[in-house]
Amino acid sequence: MNISLFIARRLQLKGTKRDTSSSSTIIAVTGVAIAIIVMVLTLAVVLGFKNQIREKVMGFDSQITINPAHDYSLGKSEFSLSLNETLVNIIDSSLNTNEDSIHINLTIKQPGILKTNDAFAGLMFKGIDCRNDLSFIKQNLVEGSLPNFEVDSCKNSIIISSTTASDLKISLGDRINTYFFNDGNIRARKFVIAGIYNSNFSDYDKLIAFAPTPTLQRIAQLDSISGTSIEISGLDYEMIQEKSVTLQSAISDAVYKQQLDKIYRVDNVLRSGAMYFNWLDLLDMNVVVILILMSCVAGITLVSCLFIIILERVNTIGLLKAIGASNYQVRMVFIYMAQRLVVRGMIIGNVISLFLVYLQNMFHLIPLDPEAYYLSFVPVEINWWHILALNIGVIIISSIILILPSHLATKISPAQTMRYE
């Protein structure tokens, strides 16, 4: 039997004659609870923020992109590429695309100008069809709906951002003249506004519009298996860099073995959106600083509480030593008592913080300025492994912090306790 734990369980944490110990107990539990609340909310907000921004960037720019071949002798790239069987096999073998979540799509991007009688806007039109993963566009649609690309009447339908609609003073259902430049020629089309989206990502919203892939292929004079790039999505975020390097190496090997006659350039969203991802990486340092500060606050509170508990029980210490308890056993009694406070504070802190996360996730109580943060509310997301690691870390750190001040109990002799009041 663990004698120290047995005694610690039976010693009350509140005083009998004075309220000193009771007050210190409340302060210690409150300090630990506040530290847990701040740390859990910090992890939830940072994780939610990073995931939301990543989803927005990867909604506009695919995880991995295969671009047309580059002619180094001429110093320029070709305009288009074809998604032929050889290239599909190379992608499948290098990325192991048997998983249902991985999507390979031929994409076409075409610069154009939307023009009204009073204003115009230069946009990049991105082709979409029924084979694309359209969940990102659906999530951000604020007006209208996604066109049915299988219907001929929707071949001239486009989706623009609310920023573009506001700048051009156009609305859902309006017809607008659009001009494309192709090999020095101007091609005019009249499109219908079928949907308006708002991702709060102004850097992309003011530049990107979505149009049917077949329509853009006809404007660029390309066949049905040709486009300006091949996009690959659905990979784990941690695998993007590794898979893009593997794919580039596989394409180079295929050219060397004469399976391909051109070497295509492989890019990924980590490079094209490096500004945003580097910014998100800086948030990790903020998390570390907050966790350290909150650990210090909880540690100082616990040390102060332990001193008070020891002073309140000087007679108990003398009695334990008089009946033969070792210094180690006496120290462990008070460490176990302090750990009871830690556990109480952790339970209270976890319950309150998870409840606050739930409220924010359901009702978006705390708003943000989309112009500054790209989001209209504070995003929160819980990773249970992070929460478990945080709680285990708090228990370990608190145990280590309590070792040194617990030495105070070993300095008290039974003879001194007879004169202590």
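A surface patch here is made of residues with over 30% relative accessible area and no salt bridge, with nonpolar side chains joined within 5 Å. With that in mind, let's walk through this predicted model.

**A nonpolar patch and its helix**

I348, I352, F355, L356, Y358, M362, F363, L365 and I366 make a nonpolar surface patch of about 900 Å². One of them, I366, is found in the loop between α12 (327-363) and α13 (370-373). Its relative accessible area of 48% makes I366 partly exposed. As for α12 itself, its 37 residues should span 54 Å at 1.5 Å a residue, and the end C-alpha atoms are indeed 54 Å apart. Just after α12 comes H364, which takes a positive phi of about 50°.

**Two buried loop residues**

Q63 and T228 both sit in loops, and here is how they look side by side.

| Residue | Loop | Relative accessible area |
|---|---|---|
| Q63 | between α2 (20-60) and β1 (64-67) | 7%, buried |
| T228 | between β13 (226-227) and β14 (229-233) | 11%, buried |

What does the side chain of Q63 reach? The partner is the backbone nitrogen of G234, at 3.0 Å. Beyond four places away in sequence, Q63 touches residues including M58, I232, L235, D267 and V269.

T228 has a backbone partner too: a polar atom of its side chain lies 2.8 Å from the backbone nitrogen of K109. K109 is also among the residues T228 touches, along with P68, F79, S80, L81, T107 and I108. T228 and P68 are 160 residues apart in sequence, yet their C-alpha atoms are 6.7 Å apart in space.

Definitions and conventions. Residues numbered from 1 in each chain as written. Predicted model: local features only at pLDDT ≥ 70, side-chain atom pairs only at ≥ 80, totals over all residues. Heavy atoms only, no water. Patch = residues over 30% accessible without salt bridge, like charges linked within 9 Å, V, L, I, M, F, W, Y side chains within 5 Å. Areas by Shrake-Rupley, 256 points an atom, 1.4 Å probe, with all protein chains shown as cover. Salt bridge = Lys/Arg side-chain N within 4 Å of Asp/Glu carboxyl O. Helix = DSSP H or I, 4+ residues; strand = E, 2+ residues; numbered from the N terminus. Buried < 20%, exposed > 50% of the residue type's maximum accessible area, 1.4 Å probe, protein only. Polar contact = N/O pair within 3.5 Å; in protein donor to acceptor, adjacent residues only side chain to side chain. Contact = heavy atoms within 4.5 Å. Expected span 1.5 Å × (residues − 1).
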